Amino acid sequence: MGRPIVFLSDFGLDDGFPGICHGVIARIAPGVRVIDLTHGIPPQNILRGAVVLADAVGFMPEDSVYLAVVDPGVGGSRKAIAIETGSGAALVGPDNGLLSLACAVVGGATRVVAIESDRVLLPSVSRTFHGRDVFAPAAAHLAAGGELDDLGPALDPSKLAQLAIPEPEVGPGRIRANVLGIDRFGNVQLTASGRHLRDAGLDDAGEVVVRTVWQALPVRRASSFGEVASGEFAVLVDSTDRLAVTRNGGSAANAMRVGLGEPVVVESAAG
Amino acid sequence: MGRPIVFLSDFGLDDGFPGICHGVIARIAPGVRVIDLTHGIPPQNILRGAVVLADAVGFMPEDSVYLAVVDPGVGGSRKAIAIETGSGAALVGPDNGLLSLACAVVGGATRVVAIESDRVLLPSVSRTFHGRDVFAPAAAHLAAGGELDDLGPALDPSKLAQLAIPEPEVGPGRIRANVLGIDRFGNVQLTASGRHLRDAGLDDAGEVVVRTVWQALPVRRASSFGEVASGEFAVLVDSTDRLAVTRNGGSAANAMRVGLGEPVVVESAAG
Amino acid sequence: MGRPIVFLSDFGLDDGFPGICHGVIARIAPGVRVIDLTHGIPPQNILRGAVVLADAVGFMPEDSVYLAVVDPGVGGSRKAIAIETGSGAALVGPDNGLLSLACAVVGGATRVVAIESDRVLLPSVSRTFHGRDVFAPAAAHLAAGGELDDLGPALDPSKLAQLAIPEPEVGPGRIRANVLGIDRFGNVQLTASGRHLRDAGLDDAGEVVVRTVWQALPVRRASSFGEVASGEFAVLVDSTDRLAVTRNGGSAANAMRVGLGEPVVVESAAG
C-alpha cells in the first residue's frame with residue numbers, strides 16, 4: 001500500500017480543496033491511505049498548524065509522509081520543501097516554519113530538498129493553489145516509494161525556517177503564559193506545560209488564581225474535567241502535557257473571554 | 001483488511017482529535033477501513049450521539065466495530081467498555097448510555113468487557129483523551145481480528161448504562177413530543193414516529209397544527225420536502241421513520257425557533 | 001479495489017448523512033476508495049455544487065464514479081440518473097443540472113440510465129434520503145465493476161437538465177460579472193475568467209476598479225495573494241482560471257459585503 005499520508009491544512013472542508021488534493025494523490029499513488037488530521041486550522045495561522053501537527057506525530061505510523069499546507073506566502077518567494085527525518089518520517093510543505101515543530105519531534109531533518117522537478121509537479125502550476133499542484137504530488141511521490149532526490153535540488157537543513165512556542169515566564173508561585181489553543185469544548189490550552197507548573201511550585205496547590213485582562217478567577221487544580229462541580233473551572237495538565245483551563249459542562253474560553261495568543265497568568269491562591 | 005471501524009464523536013474536525021485517533025488505529029491495524037460517521041455531535045450531548053449512531057447501524061457492514069466517544073465523564077469513574085452483539089457487530093465507548101440505543105438495534109449485548117488491559121491501552125493513558133489512549137486502540141484491536149477477552153475483564157451485560165428516547169404522549173388527534181434532532185437543512189425531527197401518527201389518527205389528515213411555545217402553525221401533511229409550495233411547512237415521516245417538521249426551501253427550525261429537547265405538539269387541524 | 005468514488009453533497013458533516021452513505025457503499029463494494037470532495041455545498045445550491053464538481057474532475061482518477069447529491073427535489077418527479085461519459089468516468093445523482101458542468105469536462109454523456117432497478121436500490125426507499133437509498137447504492141454498484149444497464153432503463157442523453165454559469169458582460173475596459181464562489185479565506189470568485197480579462201483589454205492593467213452596489217475599490221492586478229501589501233486588495237486569475245478579488249491577510253468578501261450571485265464590475269482605473 002505504500003506509506004500513509006497524514007494531511008493537515010487551513011483549507012476548510014466546504015470548498016473542496018482537500019478533496020481535490022486527495023484526487024491528485026489517488027492518481028499518483030492509488031493504494032495509499034490518507035489520514036486527514038485536520039483542515040480546520042484557522043486561516044493562515046502557521047503557529048497553530050505547527051502545534052497541531054507536532055502534537056499528532058507521536059501517534060501516527062512511523063513511516064508517515066506529512067502533507068501540511070498553511071501557506072500565506074503561496075506564489076511568493078518561500079520554497080516548497082520536503083524533509084527526510086531521523087525517525088523515517090517525511091514532511092512536505094512550505095518553508096515557513098509550519099513543519100519545524102513536528103520535525104523536531106520525529107528526529108530532526110536529515111535531508112531537505114526543494115520541490116521543483118517537472119517530473120513531480122503537475123503540468124500546470126498555479127500561483128495560488130500549491131497544495132494541489134506542488135505539495136500533494138510530492139507527498140504522493142514519496143508515499144508511493146519515490147526518492148526524496150527525485151523532487152528537486154538539495155537544501156541546507158540548517159537554513160529552514162523555524163518556529164517556537166513562546167516560552168512562559170515562570171517565577172515562584174506564578175506562571176505568565178499565553179493562549180496556545182482553544183478546542184471545540186472551550187478548553188483553553190496555555191503555552192505552559194506540566195514542567196512549568198512544577199517549576200513554579202504550583203503542582204501540589206489545591207487551588208490557583210487564573211488572571212486575564214478581564215478578571216481573576218479562583219480555580220481548582222484537577223486532573224480530569226469532571227473532578228469539579230458542574231459549571232466550575234479547573235486547571236489541569238492536558239493530553240499534550242500542557243496546562244489548560246477547563247470548565248465542567250461549559251466553555252472556559254467563552255467565560256474567560258480570551259482568544260489565541262492572549263496572556264493568561266496562573267498564580268498561587270495564597271498570594 | 002479486517003473489520004471496518006465506524007467512528008462517531010463530539011470532537012469536531014478543527015482540533016485534530018479524530019485524525020489522531022485515525023493514526024492510532026493505523027499503527028495497530030494498518031489495512032483497516034475507518035468510516036467517519038460524524039464528529040459533529042453537539043459537545044457532550046450523549047443522547048444525540050446515541051440516536052445518530054442507532055440510526056446508522058442498519059446501513060453499515062454487519063461485522064463493523066463501532067467506535068463512539070461522547071464522554072463528559074472521561075477520567076472519572078465510568079467504565080470504558082467493549083460490547084459483542086448478537087449480530088456480529090462490536091461497540092466500543094464509554095459506559096454512559098451512548099452505545100445503548102445502537103446496541104439494541106444490532107441484537108443486544110451478548111458479552112461485555114472493561115477495556116483495561118495494558119496490552120491494549122497506549123503506554124501512557126491521559127486523564128482527558130481516552131478516545132486516543134483507550135477507545136481507538138481497543139477498536140483497532142478488534143478490527144484487526146483480536147479477541148474481546150484480550151481487552152480486559154468481563155462485565156455483566158445487564159448492568160450497562162441505558163438511555164431511552166423520551167416517549168411522546170399520544171391521544172386522539174394529538175401528539176405531544178420533543179425535538180430529537182435538527183439537521184443542517186433545518187428539518188425538525190421529533191421523538192414521535194410514524195406509528196404514533198397512526199395511533200393518534202392523524203395519518204390521513206391533510207393538514208395538522210404544529211404548536212410550540214411560540215405559535216400554532218397550520219401545516220400540510222406530506223411525504224416529501226417538495227410536495228408543498230416554496231416557503232411552506234410540511235409534516236412528514238422522515239428517512240428514520242420519525243415525524244419531522246420541514247419547510248420547502250428554508251429552515252423549519254429557524255422559523256419555529258425551537259432547539260433540541262423542546263416540546264412540540266402535533267394535533268388535528270379540526271380541533 | 002474497483003473504481004474510486006468521488007462524493008460531493010450539501011449534507012454537511014454534523015448529522016451523519018455522508019457517513020451513512022459510506023456505510024451503504026462499504027456493504028456493496030468493501031474495497032472501494034471513497035474521496036470526499038466536500039459535503040459543505042450551501043444547502044440546496046445546485047449551481048455551487050455543479051461548479052465545485054466541475055472544477056475538481058480534472059484532478060481525479062480518470063475512471064472515477066462521481067456521486068453528487070444536492071437534491072431539493074428529492075421524492076418528487078426529477079429522475080435519479082447515472083451517466084457514462086466519453087472519458088471513462090461515470091456520474092451519479094439527481095437530474096437537476098448538478099452533474100451537467102462536470103459531465104461536459106469529462107467528455108459528455110455517452111449513455112444515461114434512470115436508477116430504478118430493484119436489484120440496486122435499497123430494499124426500502126425513503127422519500128427524503130435518496131443519497132442513502134438510491135444514489136450511494138448505484139455508485140457502489142458501478143465502482144464494484146457493475147454495468148450501467150443494471151441500474152435501470154436508458155434515457156436520452158440530449159434531454160438531461162443543463163446548468164450554465166451566467167456569461168459576464170464584457171466591453172472595452174469593463175467586465176460585469178457575478179459572484180460565483182466565496183471560499184474560506186474570503187476570496188471572491190467571479191463568473192469571469194482570464195479570457196474575459198483579455199477580451200476587455202484589462203490583462204495588462206496595473207490597477208483596476210472593482211465596483212459593487214456598496215462601493216468602488218481601486219485594486220491592484222496581481223498573480224498571487226501576497227504580491228500586494230498586507231490588508232490590500234488584489235484582482236488575480238485563480239487556480240480555476242477565474243477572476244477573483246482577494247485581500248492579503250484578510251477576507252475580501254467581508255470587506256466587500258457581497259454574497260453568492262451578487263453583481264461585481266471590474267473596470268479600467270483610467271475611468
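Copies of a chain are superposed here by least squares on the C-alpha atoms of residues with pLDDT of at least 70 in both, and the model that this tour walks through is a predicted one.

**First stop: the chains as copies**

Begin by selecting chain A and chain C together, and compare how they are placed. A rotation of 120° superposes chain A on chain C, with 0.0 Å of shift along the axis and an RMSD of 0.0 Å. The two copies are therefore related as by a three-fold rotation axis. Even so, these copies use different surfaces, since 11% of the contact residues of chain A recur in chain C.

Now add chain B to the selection. Chain C can be laid on chain B by a turn of 120° and a shift of 0.0 Å along the axis, with an RMSD of 0.0 Å. Here too the copies use different surfaces, and 11% of the contact residues of chain C recur in chain B.

**Second stop: where chain A meets chain C**

Keep chain A and chain C in view and hide chain B for the moment. In this pair, 37 residues of chain A are in contact with 29 residues of chain C. Which residues of chain A lose the most area to chain C? Select Asp15(A), Arg27(A) and Thr128(A), which together account for 23% of what that side buries. Between them, chain A and chain C bury about 2,400 Å², with 56% of it on carbon and sulfur atoms.

The count of salt bridges between chain A and chain C is two. To look at a salt bridge between these chains, select Glu227(C) and Arg127(A), whose closest N and O atoms are 3.6 Å apart.

**Third stop: where chain C meets chain B**

Bring chain B back and hide chain A. In this pair, 37 residues of chain C are in contact with 29 residues of chain B, and about 2,400 Å² is buried between the two chains, 56% of it on carbon and sulfur atoms. On the side of chain C, the residues that lose the most area to chain B are Asp15(C), Arg27(C) and Thr128(C), together 23% of what that side buries.

Two salt bridges are counted between chain C and chain B. Asp15(C), already selected for the area it loses to chain B, forms a salt bridge with Arg48(B), and the closest N and O atoms of this pair are 3.4 Å apart.

**Fourth stop: a patch shared by three chains**

Show every chain again, and select Leu13(A), Leu13(B) and Leu13(C), which make a nonpolar surface patch of about 200 Å². Taking Leu13(B) as the example, you will find this residue in the loop between strand E1 (5-9) and helix H1 (17-28) of chain B. Leu13(B) has a relative accessible area of 33% and is partly exposed.

**Fifth stop: two loop residues with positive phi**

Most residues other than glycine have a negative phi, and the next two selections depart from that pattern. Go to Asp241(B), in the loop between strand E13 (233-237) and strand E14 (242-247) of chain B; the phi of Asp241(B) is positive, near 65°. With a relative accessibility of 40%, Asp241(B) counts as partly exposed.

Then move to chain C and select Gln44(C), in the loop between strand E2 (34-38) and helix H2 (46-56). The phi of Gln44(C) is positive and near 65°, and this residue is partly exposed, with a relative accessible area of 31%.

**Last stop: one residue inside, one outside**

Is Val208(A) buried or exposed? Select this residue in strand E11 (residues 207-211) of chain A; at 0% relative accessibility, Val208(A) counts as buried. Leaving aside neighbours within four places in sequence, the residues in contact with Val208(A) include Leu202(A), Leu217(A), Pro218(A), Val219(A), Val235(A) and Val266(A). Measuring from C-alpha to C-alpha, you should find Phe225(A) 16 Å from Val208(A) in space, with their positions 17 residues apart in sequence.

Finish at Ser158(C), in the loop between strand E7 (154-155) and strand E8 (169-171) of chain C. Ser158(C) counts as exposed, at 61% relative accessibility. From there, pick out Gly93(C), which is 65 residues apart from Ser158(C) in sequence and 17 Å apart in space, C-alpha to C-alpha.

Notes
Residues numbered from 1 in each chain as written. Chains lettered and ligands numbered in written order. Predicted model: local features only at pLDDT ≥ 70, side-chain atom pairs only at ≥ 80, totals over all residues. Heavy atoms only, no water. Contact = heavy atoms within 4.5 Å. Patch = residues over 30% accessible without salt bridge, like charges linked within 9 Å, V, L, I, M, F, W, Y side chains within 5 Å. Areas by Shrake-Rupley, 256 points an atom, 1.4 Å probe, with all protein chains shown as cover. Salt bridge = Lys/Arg side-chain N within 4 Å of Asp/Glu carboxyl O. Helix = DSSP H or I, 4+ residues; strand = E, 2+ residues; numbered from the N terminus. Buried < 20%, exposed > 50% of the residue type's maximum accessible area, 1.4 Å probe, protein only. Buried area = accessible area lost by both parts, 1.4 Å probe.
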